[in-house]
Amino acid sequence: MDLLIRLISEYGLLFVFFNILAQQLGAPLPSYPVLMLTGALAARGQLNLFALLGTAVAACLIADTAWFLIGRWMGRRVLRVLCRISLSPDGCVRQTESIFTRFGAPSLVAAKCVPGFASVATAMAGALHIRRIPFVLFDLIGAALWAGIGLALGWLFSPAIEEIVN
């Protein structure tokens, strides 16, 4: 935890951006604790909440657009690769495709909050040739909700987080 705090205090928004970007691209990094910790720091006036939200959303959109383009280029092959490393590889493609068939691009709003779905949803959107404007719109809303909830939890529980950190 000390290392995380030092990195945030030294690099600020840059650290938040690259942490979330790498996590959204697939690296096993703790992005939600970073959001909560920076939300708590924003509550204390040490970071700007809106700058944090914009930074987090930008990182999500860049990573998700990359997965979208890979999905469009490689089609279902990328889904098989992604699902091979998921917790339930057998039903992964079928379940993701079923959700997309039922709800379409609006399913991206909730994708980041659904374990297992978040990792393949953007690639599925590309593989199913969802148009770019709806993709960006719904992904933007989903990223803002995901990051906003993490920051809000940090803000709300800032006294408890501060107690844990100190």
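Hi everyone, let's begin at a loop: His129 sits between α8 (118-127) and α9, where helices (H or I, at least four residues) and strands (E, at least two) are DSSP runs numbered from the N terminus. Before going on, a word on the source: this is a predicted model, in which local features need pLDDT of at least 70 and side-chain atom pairs count only at pLDDT 80 or more, while totals for chains, interfaces and linings use all residues. Residues are numbered from 1 along each chain as its sequence is written, and side-chain values use heavy atoms, with hydrogens and water left out.

Back to His129. This residue has a positive phi of about 60 degrees although it is not a glycine. As a reminder, most residues other than glycine have a negative phi. Is His129 buried or exposed? It counts as exposed, because its relative accessibility is 51%; the cut-offs are under 20% relative accessible area for buried, over 50% for exposed and partly exposed in between, with a 1.4 Å probe and protein chains only. His129 and Phe15 are 114 residues apart along the chain, and their C-alpha atoms are separated by 33 Å.

Phe15 takes us to helix α2, as one of its buried residues. The others on that list are Val16, Phe17, Asn19, Ile20, Leu21 and Gln24. What do they pack against? The partners are α1 (2-11), α3 (31-43), α4 (49-74) and α9 (132-156), with contact meaning heavy atoms within 4.5 Å. The length of α2 works out nicely too: its 13 residues (13-25) should span 18 Å at 1.5 Å a residue, and the end C-alpha atoms are 18 Å apart, so the two agree. The expected span here is 1.5 Å times one less than the number of residues.

At the end of this helix, Leu25 counts as partly exposed, because its relative accessibility is 39%. Leaving out residues up to four places away in sequence, Leu25 touches Ala63, Ala66 and Trp67. The C-alpha atoms of Leu25 and Ala63 are 5.4 Å apart, with their positions 38 residues apart along the chain. Just after α2 comes Gly26, with a positive phi of about 125 degrees.

Now for the interior. The largest nonpolar core has 24 residues; a core is a set of buried Ala, Val, Leu, Ile, Met, Phe, Trp, Tyr and Cys residues joined through side-chain atoms within 4.5 Å. Which residues have the most contacts inside it? They are Leu4, Ile8, Ile20, Val34, Leu35 and Trp146. Helices α1, α2, α3, α4 and α9 each supply at least two residues of this core. Apart from it lies another core, of 19 residues, among them Phe68, Cys83, Ala121 and Met124.

Let me stay with Trp146 for a moment. This residue lies in helix α9 and counts as buried because its relative accessibility is 8%. Beyond four places in sequence, its contacts are Ile20, Gln23, Gln24, Ser31, Tyr32, Leu35, Cys60 and Lys112. Ile20, counted in that way, touches Ser31, Leu35, Ala56, Ala59, Cys60 and Trp146. Ser31, in helix α3, is buried at 2% relative accessibility, and its contacts outside its sequence neighbours are Asn19, Ile20, Gln23 and Trp146.

Lys112 brings us to the charged pairs. The C-alpha atoms of Trp146 and Lys112 are separated by 6.4 Å, though the residues are 34 apart along the chain. How many salt bridges does the structure hold? There are two, a salt bridge being a side-chain nitrogen of Lys or Arg within 4 Å of a carboxyl oxygen of Asp or Glu. One joins the side chains of Lys112 and Asp64, at 2.7 Å from N to O. That pair links the loop between α7 (108-111) and α8, where Lys112 sits, to Asp64 in helix α4, 48 residues apart. Lys112 is buried at 14% relative accessible area, and Asp64 is buried at 2%.

In the other pair, Glu162 meets Arg44, with the closest N and O atoms 3.7 Å apart. Here Glu162 is in helix α10 (residues 158-165) and Arg44 is in the loop between α3 and α4, 118 residues away. Glu162 is partly exposed at 33% relative accessibility, and Arg44 is partly exposed at 44%. That's my tour, thanks for listening!
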